[in-house]
Amino acid sequence: MNVQSQERGYVSMSDTLIAHWKDVGTRALLKEVLTLGGERTTATTIWQVSLLGLVISLAIAFYMLVTEGHAAFNTNSWGVTWGLPISTYVFFVLTSTGLTFLASLAMIFGFDEFYPVAKRCVWLALATLVAGFATLALELGHPFRMLWAVPTGFQYRSPMFWMGVFYTLYLLLLLLKFVKIHGGDWDSRASRYLGISSFVSVVIAHSTLGLLFGMMAMRPMWYDGMLPVYFLITAAMSGAAFAVFFTYLAYGFSQERMPEKLRALASGSALPNVFATLIGITILATVSRTITGLWSNMDGLEVYQLLVRSPMYHFEFWAGLVVPFVLMLSPTLQRQAGMQILSAALVMASLFMGRLEFVVSGQLVPMFKGSALGLYQYAPSMTEWMLALVGIFLTFALYAFGEKLLDLSAQPARA
Amino acid sequence: MAKWGMVIDLEKCTGCQACTAACAMENNRQPGENWQDVIYFTEGEYPSVQVKWFPRPCMHCENPSCVHVCPTRATYKTDEGFVLIDWDRCIGCKYCMIACPYGVRFYTDEKPLVGPDIKTVFKSNDEHSWNPPWKMPDSREDWKHGVGVQPRDVVSKCTFCYHRVSKAPKGTPDLSEHDPKTREYTPACVVACPPTARYFGDLDNPESEVSKMISNKNGVRLLDQLGNKPQVYYLTGVGGAVPSNRAIKKT
């Protein structure tokens, strides 16, 4: 199918769907949606389970938001204002950033051995970005008002304004890029420019997210002009973990089922080495941030005393970073499917907790004496967990949809 | 044009919370949603422990970080120095609450501090977040300036009683509850203060009482090192103290 007819296909897609609905009737259409048509595969099961999970978590979240509103959150005005939904948003949009980096290795930077995962990475970047936006939209007081108030306000001094601009731009460019490569157009001038501009836009977008926290001088735990660089490294690590995990998921967690080129990538040392390097730099960054926090007399950094005593921090550090680092560094272990999957899963879990810890810790120390008796307390409410689950199930549902219908293993003929 | 500011004399403040109560009445605040609050804390250890208190309105900073971070310009600073919120523009992202070093901003939808939840007891039938049994006349309500009972899912804060102060005759150096000509333009917390520990006036006018007090009695500002430059000054004298920013003991 050539590119133009592919694009025309998208335009008339809704007409076709409606016509199809009229042809087969509601019940049959519903069945097709639930089974995604064709033969049953692992993706079908993932689609059904995550769709069920999404419906349940959304239903609970909506019920709580309609009956109690955002009072159903455990956040409050005097202590922790941004909680789990915000950290989930950060987790997903930074993962999207990392997935785009990984896809760009082949599509922009000429590392052809990464082509077998490129299309899946682009689709997952879209899925995680949408998941992040969905979680954020449910967290905001007035998500629809945002659509007009942010552009008309044009508060160029606010990092949040620029974050909105560049993540929206990134979403559009990424979508266009996916349409191109889905139509088989990997290398045309337009496709290359789309790839480069989506890469540039996400580098800027994630930096604005970094500065959204990094510029807050009143919150020393976040205050760091280099935070975008820290986010860049951890985003890349996050993207790598997602790419490894979902690629294996697509092939039933087995290297034998992979096509030749992908198997070469999975069983070779290039991917584990990239992964290990990213984990290594993250370990360095985590250690230096922690030592600075423990050593410094700066107000607000007392929170590190709490962090190093919490089991969550140690799970994140030892199980979530050090273990995967050792596994991915070992010349024998790094090539084994099981070790790669384990490392990816550990890094994903560690980062999810790490984002929560980062967002919350910046708010735990009272601003001045008297405003609290000690550090503030925060544990997410059930509604907040539902919002996080919405993001997680949405990612899996979109992944399964893509895996089943959009041929995510495709790569350019020449690669 | 006036640049309105407040001076709080900590030597005279008795910590009676009349300001907090007056603000709550004037602006229909709920328990815990204290636009104006008096914060209590202790200094020292037994046997030389002291109870201290510290009145804390919004600082209406000259260089307000909340205004800079607001993505929609819902929070803004006026020419006369008020930092206000337009409730029709606020998207409830709470970034201003993150960026405010003074903890003076309140999100409408949270778990009630005390039960029963006053918002369900006095339920609203319209777009207001609740329907208080007593409230300011509707004609005074002004959502563009964050005055009145706010809608749901927005951030609210002390307005320096914008609905009163903004009606003061131009060129007035001081707004005092003791002067019948200015009393009705004076912020509620200032009017209610029994020991007259609060003063309100034009910081740009060298003849105003507040300007003189700041220079003669060495007015200081809370967390001045952050550079927000509050327009609320504290006189510490010998008895009062602005709380240290060291909030907890490092072990």
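This report walks through a predicted model of two chains, A and B.

## Chain A at a glance

Let's start with chain A, which is built from helices: there are 16 of them, and zero strands. Its radius of gyration is 22 Å, close to the 22 Å that the globule rule gives for 415 residues, so chain A is as compact as a globular protein of that length. If you lay the C-alpha trace of chain A along its principal axes, the spans come out at about 70 × 55 × 35 Å.

How much of chain A is buried? The share is 52% of its 415 residues. Then there's the question of who touches whom: take the contacts in chain A with a separation of 6 or more, and 78% of them are between residues 24 or more positions apart.

## Two helices of chain A up close

Helix α4 of chain A runs over residues 42–67, which makes 26 residues. From its first C-alpha to its last it reaches 37 Å, close to the 38 Å expected at 1.5 Å a residue. Its buried residues include Trp47(A), Leu54(A), Met64(A) and Leu65(A), and small ones such as Ala43(A) and Ala61(A) are on the list too. Among the elements that cover the buried residues of α4(A) are α6 (115–139) and α16 (382–405) of chain A. Just past the end of α4(A) you'll find Gly69(A), with a positive phi of about 70°.

Further along the chain is helix α12 (residues 270–295), home to Thr286(A). Is Thr286(A) buried or exposed? It is buried, because 20 other C-beta atoms lie within 10 Å, and 20 is the cut-off for that label. Leaving out residues up to four places away in sequence, Thr286(A) touches Phe317(A) and Leu321(A). Leu408(A) is another story: 122 residues separate it from Thr286(A) in sequence, and the two C-alpha atoms are 34 Å apart in space.

## Chain B at a glance

Now for chain B, which mixes seven helices with ten strands. A compact globule of 251 residues would have a radius of gyration near 18 Å, and chain B agrees, because its own value is 18 Å. Along the principal axes, the C-alpha trace of chain B spans about 50 × 50 × 35 Å.

Buried residues account for 51% of the 251 in chain B. Of the contacts in chain B between residues at least 6 apart in sequence, 56% join residues at least 24 apart.

## The four-stranded sheet in chain B

Four strands of chain B line up as an open sheet with mixed pairing, in the order β8-β9-β1-β10. The edges belong to β8 (174–175) and β10 (232–235), each with a single partner strand, so one side of each is left without a neighbour in the sheet. β8(B) pairs with β9 (residues 198–202) in the antiparallel sense, over two bridges, and Asp174(B) has Gly201(B) as its bridge partner in β9(B). Helix α7 (residues 209–216) packs on the sheet, touching β1 (4–9), β8, β9 and β10 of chain B, and its direction makes about 110° with that of β9(B).

What about β1(B)? Six of its six residues are buried, so this strand is largely enclosed by the rest of the structure. In a regular strand, side chains alternate between the two faces of the sheet. Here Trp4(B), Met6(B) and Ile8(B) point one way, while Gly5(B), Val7(B) and Asp9(B) point the other way. β1(B) pairs with β9(B) in the antiparallel sense over five bridges, with Gly5(B) partnered by Gly201(B). With β10(B), β1(B) runs parallel, joined by four bridges, and Val7(B) has Tyr233(B) as its bridge partner there.

## A hairpin in chain B

Elsewhere in chain B, strands β2 (residues 37–43) and β3 (residues 50–56) run antiparallel and are joined by seven bridges. Val38(B) stands opposite Pro55(B) in β3(B). The two strands form a hairpin with six residues between them, and Gly44(B) in the turn has a positive phi of about 75°.

## Where the chains meet

How many residues does each chain bring to the contact? Chain B brings 44 and chain A brings 38. On the chain B side, the elements giving two or more residues are β2, α2 (65–69), α3 (95–99) and β6 (105–107). The largest share, four residues, comes from α3(B). By class, the side of chain B that touches chain A has 25 nonpolar, eight polar and eleven charged residues.

Methods: Residues are numbered from 1 along each chain as its sequence is written. Chains are lettered from A and ligands numbered from 1 in the order in which they are written. This is a predicted model: local features need pLDDT of at least 70, side-chain atom pairs count only at pLDDT 80 or more; totals for chains, interfaces and linings use all residues. A residue is buried if 20 or more other C-beta atoms lie within 10 Å of its own, exposed if 12 or fewer, and partly exposed in between; C-beta atoms are placed from the backbone. Two residues are in contact if their C-beta atoms, placed from the backbone, lie within 7 Å. Two strands pair if DSSP finds at least two bridges between them. Ala, Val, Leu, Ile, Met, Phe, Trp, Tyr, Cys and Pro count as nonpolar, Asp, Glu, Lys and Arg as charged, and the others, Gly among them, as polar. Axes are lines fitted to C-alpha atoms, for helices over the stretch in contact, and angles run from 0 to 180 degrees between N-to-C directions. The radius of gyration is taken over C-alpha atoms; the globule rule is 2.2 Å times the number of residues to the power 0.38. The expected span of a helix is 1.5 Å times one less than its number of residues.
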